[in-house]
Amino acid sequence: MDRRLRNRILLYLALAGALAYAGIELSGRKPVPKISAVMPMRENLVSSISSNGKVEPIAPYVMRAQLDTFVDRVRATEGQSVKKGQVILELDVKDAAARLSEAKGKLLKAQDDLRAAKAGGRADEAARVAGDLAKMQAERDRLQKNHEGLQRLIAQQAATRDELAANDLALTKAQAEVTRLTAAKQEFERSVKLDTDQAALRVQQIQNEAAALEEKVRQGRITAPADGTLYSMPVKAGDYVKLGDLLAEMADLHKVRVRVFIDEPELGALEANEPVKISWDALPSRTWMGKTEIIPKQVVPHGTRSVGELLCAVNNDKLELLPNINVNVRINSRERIGVLSVPRGAVAAEGGRRYVFVVKRNQLGVSKGTLEKREIRVGIADATNYEVVSGLQESDLVALPGDVDLRDGMTVTVITTEVFVFPGRMEWLAG
């Protein structure tokens, strides 16, 4: 081929390409996004929440060790029904019992000392002090009478002054002895009062010690505080337990509580007294019915989830649900019959409002249309659909999300739809 001819052909091809590109740009014809769409349909919706939970006793009794010792004997088995007052296990309290016996002996002695102190001291010592004083007082009184009699006799010259002097000397000595014995008696009485106070304090101390030891001995016998099921007993005979260690747990399990972990977006649909259905993988053929009781007031982390903890009351008449097992929970809150619905994926939220993109037919082609952003009001929802309260008709075509970011006024091509509701609408439903 002639070289100039070849260059001319290449030049023509380049010009043709440029003209074609310019024509496309000037005409404004760009590739139209392809989407899927769906028509609203009427169906029965049941708003339910499915989650997981854990079984808990409603009013558990927790028994813990009140002293450091060994488990002496186990008298019940885990899972057993027990009656109030029934012995569950016994702890080794021999040391406490021996100390209690010793304390009781000390208490008897201290109480005897207290009674003696309150009675004025030891009887023999109190009698001696009182007797010595009384005897000396009597001797002083006798010498005082002699003094008066000798003075009369001297006046009658029937006695001498030497006899009076000897009597007065004896009287002086007697008075001094009475003073000494009175002081001794007062000191004895002060001592008795002090002994009474000390004896009373000693009695109180020993009583407190004995009461503490009695409590330890009593706590050595672990008994059932009420009728119920012994659902946990982590100790066995011979185990060493410390103060505060768990010994047993029991409760009435005819009615239990299920703590359900509800994901944060679903908390707004919860109400009290809604029906609850419980299932357990270990008994797949059984279900248990209950109702919601306490609605979550806060959100807490639970693993990788952010949840509210819903409390449900569940009947457990056959005692099949055990504390701390993991169960499956379904909450049926509300039901609507024959309502208009759209897929949850087609509904977006913005500023607390819900909206969809409706495909409006135009003259661009049988399968082409323009998106209209339309606000709607929704009601209840199940796992896949929303109830549409207002904003849509059954004849509307709603765009589904995909690889294309939908926006108001966008021209689109509808290539597939989920639902065929009205015959003769095929021009809308296939590209």
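Me: Buried means under 20% relative accessible area, exposed over 50%, and partly exposed in between (1.4 Å probe, protein chains only). With that settled, does His147 count as buried or exposed?

Reply: This is a predicted model, where local features need pLDDT of at least 70 and side-chain atom pairs count only at pLDDT 80 or more, while totals for chains, interfaces and linings use all residues. Residues are numbered from 1 along each chain as its sequence is written, and side-chain values use heavy atoms, leaving out hydrogens and water. The relative accessibility of His147 is 16%, and the cut-off is under 20%. So His147 counts as buried.

Me: Which helix holds His147?

Reply: Helices here are DSSP runs of H or I with at least four residues, strands are E runs of at least two, and both are numbered from the N terminus. The chain has five helices and 22 strands. The run from 123 to 155 takes in His147, and that one is helix α3.

Me: Which side chain makes a polar contact of 2.5 Å with His147?

Reply: Take contact as heavy atoms within 4.5 Å; leaving aside residues up to four places away in sequence, His147 touches Leu164, Asn167 and Asp168. A polar contact asks for a pair of N or O atoms within 3.5 Å; within protein, one must be able to donate a hydrogen and the other to accept it, and residues adjacent in sequence count only if both atoms are side-chain atoms. The side chain that joins His147 this way, at 2.5 Å, is that of Asp168.

Me: Which strands stand at the edges of the open sheet β7-β6-β4-β9?

Reply: Two strands pair if DSSP finds at least two bridges between them, and the pairing in this four-strand sheet is antiparallel. Strand β6 (87-91), for one, is joined to β7 by three bridges, with Leu89 opposite Ile222. An edge strand has a single partner, so one side is left without a neighbour in the sheet; that goes for β7 and β9.

Me: Which residue lies over the face of Tyr355?

Reply: Rings of Phe, Tyr and Trp (its six-membered ring) pair if their centres lie within 6.5 Å, with planes under 30 degrees apart stacked, over 60 edge-to-face and the rest tilted; Tyr355 pairs edge-to-face with Phe357, 5.8 Å centre to centre and 90° between the planes. A charge sits over a ring if NZ of Lys or CZ of Arg is within 6 Å of the ring centre and within 35 degrees of the ring normal. At 4.3 Å from the ring centre of Tyr355, that residue is Lys373.
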